[in-house]
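Trainee: I have a new structure open and would like to learn how to read it. Could you walk me through it?

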Amino acid sequence: MNKVYLGLGSNIGDTKENINKAIELLKENLNISITNKSSFYETEPVGYTKQDWFLNIVIEIETTLKPYKLLEYCQYIESELKRKRIIRWGPRSIDVDILLYEGFKSNDKDLIVPHPRMCERAFVMVPLYEINKTIEINGKNIKEIIDNLDGEEIRVKKDG
Ligand code: GSY
């Protein structure tokens, strides 16, 4: 079993339902078990800023799927939820990103792990810290990374 952290985000339609559907699709895969989940966070858009706020969550899973098979499954979830990406960095019904994959690093054009921009993004680091306070990314402790974030605005969604 390999421990993996996934980042999920949505800012089109019923964002909570989109994320919950993605979680259901993760649960349907017999090679994946969800072992922890952060709260839902409402987050200011990063990159292309003239778009709605996102709902974000980080999920810890254990999986026997190899990294590229897991990537395929994440892409399958995105296509099932009909992600429409018209503008780069723009609105999307669902994004499922592999953030960290235990014992695996990659700088391939299709899969960069650890996720290349995760350490600059409060919408990833804050939920990740909620579920794992000791993790290290590229040799840096998560608390140290969070303390140095400029950080877009982010708040826990009140009703869960
Ligand atoms: O990489 C995920 C898509 N995305 C997001 C996101 O999920 N949340 C926020 N707050 N901003 C974002 N910009 C992009 S691109």
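Mentor: Gladly! Let us start with how elements are named: helices and strands are DSSP runs of at least four and at least two residues, numbered from the N terminus. With that naming, proline 114 is found in the loop between β7 and α3. Please keep in mind that this is a predicted model.

Trainee: How many helices and strands does the protein chain have, and in what order do they run?

Mentor: The protein chain has four helices and ten strands. Read from the N terminus, the order is β-α-β-β-β-α-β-β-β-α-β-β-α-β. The radius of gyration is 15 Å, close to the 15 Å that the globule rule gives for 160 residues, so the protein chain is as compact as a globular protein of that length. Along the principal axes, its C-alpha atoms fill a box of roughly 40 × 35 × 35 Å.

Trainee: What share of the residues is buried?

Mentor: A residue is called buried under 20% relative accessible area and exposed over 50%, with partly exposed in between. In the protein chain, 46% of the 160 residues are buried. Contacts add to the picture: among those with a separation of 6 or more, 67% join residues 24 or more positions apart. As for the surface, the protein chain exposes about 8700 Å², and carbon and sulfur atoms supply 47% of that area.

Trainee: You mentioned the loop between β7 and α3. Which peptide bond there is cis?

Mentor: Here is the general idea: most residues other than glycine have a negative phi, and most peptide bonds are trans. The bond from valine 113 to proline 114 is cis, with omega near -5°. Another proline, proline 116, is also found in the loop between β7 (112–113) and α3 (122–131). Proline 116 is partly exposed, at a relative accessible area of 40%. Its C-alpha lies 8.5 Å from that of leucine 99, and the two are 17 residues apart in sequence.

Trainee: And where is the residue with a phi near 50°?

Mentor: That is asparagine 138, whose phi is positive although the residue is not glycine. Look for asparagine 138 in the loop between β8 (136–137) and β9 (140–141). Asparagine 138 is exposed, with a relative accessible area of 52%.

Trainee: Back to α3: is it mostly covered or mostly open?

Mentor: Mostly covered, as seven of the ten residues of α3 are buried. Among them are Phe123, Met125 and Leu128.

Trainee: How many aromatic pairs does the whole structure hold?

Mentor: A search finds two. In one, the rings of tyrosine 73 and tyrosine 76 have centres 5.3 Å apart and planes at 35°, so the pair is tilted. A helix rule helps here: an α-helix has 3.6 residues a turn, so residues three or four places apart point the same way. Tyrosine 73 and tyrosine 76 are three residues apart in helix α2 (residues 67–80), separated by about one helical turn. Tyrosine 73 counts as buried at 14% relative accessibility, while tyrosine 76 counts as partly exposed at 35%.

Trainee: What about the pair of tyrosine 101 and phenylalanine 104?

Mentor: Their ring centres are 5.7 Å apart and their planes stand at 70°, so this pair is edge-to-face. Tyrosine 101 is buried, with a relative accessible area of 6%, and phenylalanine 104 counts as partly exposed at 22% relative accessibility.

Note on methods: Residues are numbered from 1 along each chain as its sequence is written. This is a predicted model: local features need pLDDT of at least 70, side-chain atom pairs count only at pLDDT 80 or more; totals for chains, interfaces and linings use all residues. Side-chain values use heavy atoms; hydrogens and water are left out. The radius of gyration is taken over C-alpha atoms; the globule rule is 2.2 Å times the number of residues to the power 0.38. Buried means under 20% relative accessible area, exposed over 50%, partly exposed in between (1.4 Å probe, protein chains only). Contact means heavy atoms within 4.5 Å. Accessible areas come from the Shrake-Rupley method with a 1.4 Å probe; for residues, only the protein chains shown count as cover. Rings of Phe, Tyr and Trp (its six-membered ring) pair if their centres lie within 6.5 Å; planes under 30 degrees apart count as stacked, over 60 as edge-to-face and the rest as tilted.
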